[in-house]
Amino acid sequence: MSTTSPLDTDALLDRTGTLFVALATLVALFPIYWILTRSVMTTRASFRLPPIWIPETVTLDAYESILIQGAYFDYVVNSLVATLIAVVVGLVLGIPATYVIVRYDFGLNLDHHLGFFFLSIFMLPPIVATIPYFNIFRALGSLDSSLWLGLVYAVFTLPLIVWFTRGFIDDIPDSLGEAAEVDGATHLQTFYHIYLPLIKPGIGAAAIISFILTWNEYFFALVLTRTEAKTLPVATTEFVGQYNIAWNELSAGIVITIAPVAVFLLVTQRYIISGLTKGAVKE
Amino acid sequence: MATRTLPSLDGVTWQSVDRRTVFKYGMVLPAFLYAVAWIVYPMVFLLRLSLSEGVGGAFVGLENYVDVILSPSFHEAVVATLLFAVPSVGLELLFGTALAMAYNSVNRFERSVQTILLLPMVLSTFAVGLMFRWFFSSNLGIVNYLFGTIGLPEPVWLSDPQLAMVTVVAADVWQWTPFVFVLVYAGLQTIPESLIEAAKIDGATRLQRFRYIILPQLYPVLLVTALIRLIMAFKGGDKIFAMTGGGPGGSTKTLTMLIYENAFSFLNTASAAAMSFLFLVFIILVSNVFIAALSRVNEAR
């Protein structure tokens with residue numbers, strides 16, 4: 001180090017940086033490439049070692065077998081129903097709440113406490129909540145229901161929604177709302193006609209991240225569903241623990257589970273990043 | 001404060017103050033009550049359960065807590081939780097920050113590179129667990145195949161008590177390094193260019209600039225990121241569930257796994273409830289340490 005001038009160190013670091021990013025990209029991509037390629041192989045080809053790096057023939061047997069012969073399509077529907085219920089309920093409850101917490105004074109620092117209350121839901125481990133949920137659901141007869149699962153998920157989207165939209169609401173100058181109110185707009189009109197359109201990117205980001213985390217959730221679905229409402233992440237277990245794991249079918253199952261969110265990321269990356277970072281960098 | 005939107009105090013009538021109050025509570029109460037119904041009520045249920053023999057059973061005071069605190073399996077689970085969370089989050093912070101620095105300084109990458117770098121963190125943690133379980137399978141996995149090709153030993157990753165945890169940590173680091181990357185990268189964009197330019201003019205090398213200019217500026221972001229990731233690592237269990245199921249020999253049996261086992265396999269619900277509360281207290285304590293550190297850093301500037 002002492003023999004090289006700062007300029008050389010900089011150039012060296014520059015090259016190391018490029019190499020590092022390239023390597024990281026490869027590491028991030030490889031497992032996904034692997035699963036994707038295994039999913040379009042025959043069962044025999046999928047577990048061959050030395051591996052087939054680039055498949056020469058493509059077959060959709062695995063997808064056909066799990067979607068058409070298996071019940072995988074039902075699991076897709078179950079996941080979708082629970083997730084959509086969660087996102088819609090979460091947004092309908094969470095956005096108005098975040099709006100007044102940011103813009104209104106509740107006295108006694110109550111707005112601050114309310115915000116913290118919603119954010120602190122994030123700290124609750126799912127396993128801790130499943131014990132009372134399971135017992136309460138069993139008593140109510142609401143186990144194995146996509147609707148009830150979605151309603152559970154909704155409450156866990158609240159911290160994300162507060163986290164993701166708070167910065168967006170805060171960014172809008174207060175004078176805008178005040179001007180509307182001076183002009184005779186009611187509080188509700190100001191919220192609905194002035195603020196809501198302006199924080200659309202924040203709402204989008206909150207909706208996307210809520211969708212992703214709910215779609216991927218495992219523990220609640222494992223404990224609170226059986227067969228009727230079983231979701232995709234739980235269903236992928238079906239390929240494991242048997243004597244013969246059909247790797248191509250497991251891969252296809254994983255692809256179906258991760259495909260929607262991967263597409264989501266591609267389309268909405270900008271919103272996810274801005275929502276995520278507004279919450280963290282601001283605080 | 002209640003009058004800030006009105007031109008003068010003359011405009012304030014009881015009615016307008018009322019409307020404001022009705023509006024703000026009307027907006028926040030549905031979400032608040034929903035959260036109370038789904039969080040506070042179940043926690044009361046859980047607390048009562050932890051103080052009784054079982055669901056609907058007799059009150060036994062702190063007996064369950066004493067039993068749990070004295071049981072070796074609980075201690076082992078606490079250790080396993082820390083052995084999973086601390087190295088995972090530590091490595092993620094290290095790699096994520098390095099990646100953000102590299103990505104930020106070398107402005108020659110396509111946007112698609114960023115998308116690829118972010119991909120792991122939006123995938124189902126359980127599916128990622130299954131993927132890595134396959135990769136690290138001793139005779140069918142790609143990792144051992146590659147190790148064999150270059151002449152390295154081929155360990156039984158997931159059946160070895162020490163290596164099983166290494167494997168789970170590897171999967172976690174793969175998935176969550178992108179999360180640190182995004183937040184730190186955003187943090188880097190908020191550092192004033194002039195600060196770095198000034199250091200350059202003063203002759204600071206890149207490493208010096210990182211150590212004395214950039215790193216202190218990143219402190220708050222790093223603290224927030226570390227806190228979020230630690231909470232996620234503590235409370236999550238999907239990946240361990242998918243990869244080892246808590247084995248071999250309980251070496252990856254974190255608190256989540258232990259509570260699950262007690263509540264739903266052994267039907268030892270009251271103990272599981274007591275463990276849950278201790279777990280919750282632990283998470284709250286750790287969070288408070290970080291929040292205190294964060295407010296100290298913020299005050300210092």
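Helices here are DSSP runs of H or I with at least four residues, numbered from the N terminus. The model is predicted, local features need pLDDT of at least 70, side-chain atom pairs count only at pLDDT 80 or more, and totals for chains, interfaces and linings use all residues. Residues are numbered from 1 along each chain as its sequence is written, chains are lettered from A in the order in which they are written, and side-chain values use heavy atoms, with hydrogens and water left out.

**Exercise 1. Place Ser39(A) in its chain and describe its surroundings.**

Step 1. Start with the loop between helix H1 (6-38) and helix H2 (43-46) of chain A, where Ser39(A) sits.

Step 2. Next, check accessibility. Buried means under 20% relative accessible area with a 1.4 Å probe, protein chains only. Ser39(A) has 0%, so this residue is buried.

Step 3. List the contacts, meaning heavy atoms within 4.5 Å. Beyond the neighbours within four places in sequence, Ser39(A) is in contact with Thr59(A), Ala62(A), Tyr63(A), Asn248(A), Ser251(A), Ala252(A) and Val255(A).

Step 4. Pick out two of these partners. The C-alpha atoms of Ser39(A) and Asn248(A) are 4.6 Å apart, although 209 residues separate the two in sequence. With Tyr63(A), the side chain of Ser39(A) makes a polar contact of 2.7 Å. A polar contact is a pair of N or O atoms within 3.5 Å; within protein, one must be able to donate a hydrogen and the other to accept it, and residues adjacent in sequence count only if both atoms are side-chain atoms.

**Exercise 2. Is Ser142(A) buried or exposed, and which residues does Ser142(A) touch?**

Step 1. Find the loop between helix H6 (126-140) and helix H7 (146-171) of chain A, which holds Ser142(A).

Step 2. Ser142(A) counts as buried because its relative accessibility is 4%.

Step 3. Leave out residues up to four places away in sequence, and Ser142(A) touches Phe137(A) and Trp148(A).

**Exercise 3. Describe how domain 1 of chain B meets domain 2 of chain B.**

Step 1. Set the bounds, which come from an automatic or database domain assignment. For chain B they are domain 1 (9-50) and domain 2 (65-300). The C-alpha centres of these domains of chain B are separated by 36 Å.

Step 2. Count the residues in contact: 5 from domain 1 of chain B and 8 from domain 2 of chain B.

Step 3. Take the buried area, the accessible area (1.4 Å probe) that two parts lose on being put together, summed over both. Between the two domains of chain B this is about 540 Å², with 81% on carbon and sulfur atoms. Leu46(B), Leu49(B) and Ser50(B) supply 74% of the area that domain 1 of chain B buries here, more than any other three residues.

Step 4. Finish with polar pairing: between these domains of chain B there is 1 residue pair in polar contact (both at pLDDT 80 or more).

**Exercise 4. How many residues does each chain bring to the contact between chain B and chain A, and how much area is buried?**

Step 1. Chain B brings 96 residues and chain A brings 102 residues.

Step 2. About 8,900 Å² is buried between chain B and chain A, and carbon and sulfur atoms give 81% of that area.

Step 3. Helix H1 (residues 14-50) of chain B gives the most to the chain B side, with 22 residues.

Step 4. For polar contacts across the interface of chain B and chain A, the rule finds 10 residue pairs (both at pLDDT 80 or more).

Methods:
Helix = DSSP H or I, 4+ residues; strand = E, 2+ residues; numbered from the N terminus. Buried < 20%, exposed > 50% of the residue type's maximum accessible area, 1.4 Å probe, protein only.
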